[in-house]
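Q: Please give a close account of one part of this model, its buried residues, and then set that part in its surroundings. I would like the terms stated carefully as you go.

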Amino acid sequence: MESKFTWYESNQLQDWIVSKKPFYPNLDECIVWVEEKLKREGSSYELTREDLEDIEIAHEFQTSDIN
């Protein structure tokens, strides 16, 4: 079964974002992180528009204290 961007990956992404505090990654770095994680797991899954929106929401949620 091929890996996809799921709530599990979203949680891992959010943990990664928080671990970078106070130098949070930008949205593009988050997208690359997800793509590389899926690739490391042997997946050739292409992120969908919905996945990108979920990544953006996770990024905004975790970095909201800097705005």
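A: Buried here means under 20% relative accessible area, exposed means over 50%, and partly exposed lies in between (1.4 Å probe, protein chains only). The model is predicted, so local features need pLDDT of at least 70 and side-chain atom pairs count only at pLDDT 80 or more, while totals for chains, interfaces and linings use all residues. Residues are numbered from 1 along each chain as its sequence is written, and side-chain values use heavy atoms, with hydrogens and water left out.

The largest nonpolar core (a set of buried Ala, Val, Leu, Ile, Met, Phe, Trp, Tyr and Cys residues joined through side-chain atoms within 4.5 Å) has 12 residues, namely F5, L13, I17, Y24, C30, I31, W33, V34, L38, L47, I55 and A58. Helices (DSSP runs of H or I, at least four residues, numbered from the N terminus) supply much of the framework for describing it: α1 (7–19), α2 (27–40) and α3 are the elements that each give two or more residues to this core. The most comes from α2, which contributes five residues.

One member of the core, Y24, lies in the loop between α1 and α2 and is buried, with a relative accessible area of 15%. Its C-alpha atom is 8.8 Å from that of Q62, although the two residues are 38 positions apart along the chain. P22 is placed in that loop between α1 and α2 as well, and the peptide bond that joins K21 to P22 is cis, with omega at about 10°.

Burial also extends to residues with polar or charged side chains. Q14, in helix α1, counts as buried at 17% relative accessibility, and its C-alpha atom is 7.2 Å from that of H59, with 45 residues separating the pair in sequence. K37 is likewise buried, at a relative accessible area of 8%, and its side chain meets that of E41 in a salt bridge with an N to O distance of 2.3 Å. E41 itself counts as partly exposed, at 39%. A search of the whole structure finds one salt bridge (a side-chain nitrogen of Lys or Arg within 4 Å of a carboxyl oxygen of Asp or Glu). Side chains of opposite charge can pair when their charged atoms come close.

Turning to the surface, S19 belongs to helix α1 and is exposed, with a relative accessible area of 51%. S19 and D54 are separated by 35 residues in sequence and by 19 Å in space, C-alpha to C-alpha. D54 joins E50, E53, E56 and E60 in a negative surface patch, where a charged patch is made of residues with over 30% relative accessible area and no salt bridge, like charges being joined within 9 Å. Within this patch, E50 lies in helix α3 (residues 49–63) and is partly exposed, at 49% relative accessible area.

Notes
Patches are made of residues with over 30% relative accessible area and no salt bridge: like charges are joined within 9 Å, nonpolar side chains (Val, Leu, Ile, Met, Phe, Trp, Tyr) within 5 Å. Accessible areas come from the Shrake-Rupley method with a 1.4 Å probe; for residues, only the protein chains shown count as cover. Lys and Arg count as positive and Asp and Glu as negative; His and the chain ends are not counted. The place of a charge is taken as NZ of Lys, CZ of Arg, CG of Asp or CD of Glu.
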